[in-house]
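Work through the exercises below with the sequence and the model side by side. Each task is followed by a solution that goes step by step.

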Amino acid sequence: AGSERRVHVVLFPFMAQGHVLPFRCLAGLVRRARPGASVTVVVAAPGAADSLRASLAADGLHGVRVHALPLDDHPAADTCHRDQLIALFVASESLRPAFRRFVAGLRAADPGAGVHVMADMFLGWTLGVARDAGASHSVVVTCGAYGSALYFSLWSSVPLVPDTASSPDDDGAFTVPRFPGVTLRRSQLTDHLAAADGTDACSTFINKQVAALRSTDALLVNTAESLEPEGLAMLRRFLGSVPVYPIGPLLRAAAPSTVKNNNAGSPILAWLDKQLPGSVLYVSFGSTYTISAPQMMELAAGLEKSAHRFVWVIRPPAGFDDVDGESFRPEWLPEGFRERVEAGGQGLVVRCWAPQVEILAHAATGAFLTHCGWNSVQESLAHGVPLLGWPLSAEQFYNAKMLAEEMGVCVEVARGMRAALSRDKFAAAVETVLGDTVERAEMRRKAAKMKGVISAARESGGDGSSVKVMERLFADMHGTRRVADK
Ligand code: UDP
């Protein structure tokens, strides 16, 4: 009596920034919900293990182990030409034997304990390994509920609009299968999705993931019940009987040290210190996606035209390699742009990477132009910062739609990597979110409300909080406080 069943929790993220970050938070959440559990994060690239160990230590998660699996076969280039990400996902299946050995080893070392595998939504093959080893399994959805419900639902309904592929310029509206209340446009589908017929590499891959979503023991979604009630209802409708646990938002807090050192360590934060509250637009398209060179040119012109202050994090546009992580090429930005805006104090042009959470937490930041990646979205809302949306791929289109139409915290300025951005319209949108406008006041009020919702979900007290939901998962799957395991 009084004993908790021992549980080994195995976290298995897909190796990309936007996936590893929420998994780091997940490790901390598991620790808080089930202090007695042992936690191991599995990484697919031995080279990434050390830096992950260092990050976990920096998060204060010293007891969390990291186990590296050898990635034998490197991504096959012919699986899905235009989408390297999918090729990487497909290639991850080569890890199956090594992962099987790892889970079997855990079981053998501690036969009385339970093993629970929490795997990334694109690593559906781990379900078979868990089942064979007698381990429980959950799928971790690193994006939001509304976005993932539409994304997976659309992929399992292809071909979507029979003639979209032949008329790519037709931006006709259509109703999402299974969700008759939701209308989308052709421009809210990636080319892959618009062209998919169910037999192509992407459909085959994603349908396998959907099968895993529908037969896993639990779905852990990086959102909160109070943040996305409608999205969660849609996801539950789509999945049938699999229980859904909204264990998010999985967010890092802004580093307190930056406040203590007076932002001496970061020129960006030091620059923000000198700006008026709520006056700066932060521009970043995340860790993976990028816009085209002509779009970058027009965006630069629009920013300059708006006359509002900005911090723009630039990675090379589509088709350009990142040679040194530092230089700019003349095709990317109008001549003299950087020098003009930086010397005139209008903005900062940053290459590659910025301390995003700290920027969003800064009082000077008033709006965020984002590709609507789910981490970026939650980080922005967590600080009450309204958004300008420019979704580029995957479920980002549906995140933007929800933010604009349901939450009222976002103005969508463009869509996709081929959109013809107009500098005038863009400058007007910046004025809407940073100028003295009625819309701005309304968006800020709604974003502040979301900030409250997110902060409540992150506190350990309330019933809907991340920790409570995670405790419930362990109680449902592994018993609590009274379950004997022998
Ligand atoms: N990020 C950052 N600095 C940057 C760009 C990105 O810290 O310059 C972080 C950002 O805070 C977020 C993650 O990287 O946590 C990006 O995830 P998101 O889901 O927004 O987009 P993805 O990169 O997966 O497309």
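Two strands are said to pair if DSSP finds at least two bridges between them. The model used here is a predicted one.

**Exercise 1. The seven-stranded sheet**

Task: Find in which sense strand S1 and strand S4 pair, and over how many bridges, and then place the pair in its sheet.

Solution: Begin with strand S1, residues 7-12, and strand S4, residues 114-120, which pair in the parallel sense over six bridges. One of the bridge partnerships can be located by residue, since His8 has Val115 as its partner in S4. Next, widen the view to the open sheet of seven strands, whose order is S3-S2-S1-S4-S5-S8-S9 and whose pairing is parallel. At its edges are strand S3 (65-68) and S9, each of which pairs on one side only. From one strand to the next, the twist averages 25°. Finally, look at helix H2 (residues 46-58), which packs on this sheet, touching strand S2 (38-43) and S3, and whose direction makes about 170° with that of S3.

**Exercise 2. The six-stranded sheet**

Task: Determine the strand order of the open sheet formed by six strands, and explain why one side of S12 and of S15 is left without a neighbour in the sheet.

Solution: The order in this open sheet is S12-S11-S10-S13-S14-S15, and the pairing is parallel. Strand S12 (347-351) and strand S15 (410-412) stand at the edges with a single partner strand each, and therefore one side of each has no neighbour in the sheet. Between neighbouring strands of this sheet the average turn is 15°, direction ignored. Within the sheet, strand S10 (residues 280-284) pairs with strand S13 (residues 365-370) in the parallel sense over five bridges, and Thr365 in S13 is the bridge partner of Val280. Helix H16 (residues 396-407) packs on the sheet, where it touches strand S14 (387-389) and S15, and its direction makes about 125° with that of S15.

**Exercise 3. The nonpolar core**

Task: Identify the residues with the most contacts inside the largest nonpolar core, and the helix that gives the most to this core.

Solution: The largest nonpolar core has 146 residues, and those with the most contacts inside it are Leu11, Leu26 and Met118. Helix H1 (residues 17-33) gives the most to this core, with nine residues. Taking Leu26 as the example, and leaving aside its neighbours within four places in sequence, one finds it in contact with Leu11, Met118, Val140 and Leu250.

**Exercise 4. Is Leu106 buried, partly exposed or exposed?**

Task: Locate Leu106, classify it, and name its contacts beyond four places in sequence.

Solution: Leu106 lies in helix H4 (residues 96-109). A residue counts as buried with 20 or more other C-beta atoms within 10 Å, and as exposed with 12 or fewer. Leu106 has 19 such atoms within 10 Å, so it is partly exposed. Once its neighbours within four places in sequence are left aside, Leu106 is in contact with His8 and Val115. Pro294, by contrast, is 188 residues apart from Leu106 in sequence and 52 Å apart in space, C-alpha to C-alpha.

**Exercise 5. The shell around the ligand**

Task: Describe which residues around the ligand come nearest, and which element gives the most to the shell.

Solution: There are 18 residues around the ligand, of which Gly18, Gly286, Ser287, Gly373 and Ser376 come nearest. The elements that give two or more residues to the shell are H1, helix H14 (356-361) and helix H15 (374-382), and H15 gives the most, with four residues. Sorted by class, the shell has seven nonpolar, 10 polar and one charged residues.

**Exercise 6. Backbone exceptions**

Task: Locate the cis peptide bonds before Pro159 and Pro249, and the positive phi values of Arg178 and Cys352.

Solution: The general background is that most residues other than glycine have a negative phi, and most peptide bonds are trans. A cis peptide bond joins Val158 and Pro159, with omega about 0°, and Pro159 is found in the loop between helix H6 (145-155) and strand S6 (173-176). Another cis peptide bond joins Gly248 and Pro249, with omega about -5°. Arg178 has a positive phi near 80° and counts as partly exposed, with 15 C-beta neighbours inside 10 Å. Cys352 has a positive phi near 75° and, with 12 C-beta neighbours inside 10 Å, counts as exposed.

Terms used
Residues numbered from 1 in each chain as written. Predicted model: local features only at pLDDT ≥ 70, side-chain atom pairs only at ≥ 80, totals over all residues. Core = buried A, V, L, I, M, F, W, Y, C linked by C-beta atoms within 7 Å. Contact = placed C-beta atoms within 7 Å. Axes fitted to C-alpha atoms, helices over the stretch in contact; angles between N-to-C directions. Near = placed C-beta within 6 Å. Nonpolar A, V, L, I, M, F, W, Y, C, P; charged D, E, K, R; others polar.
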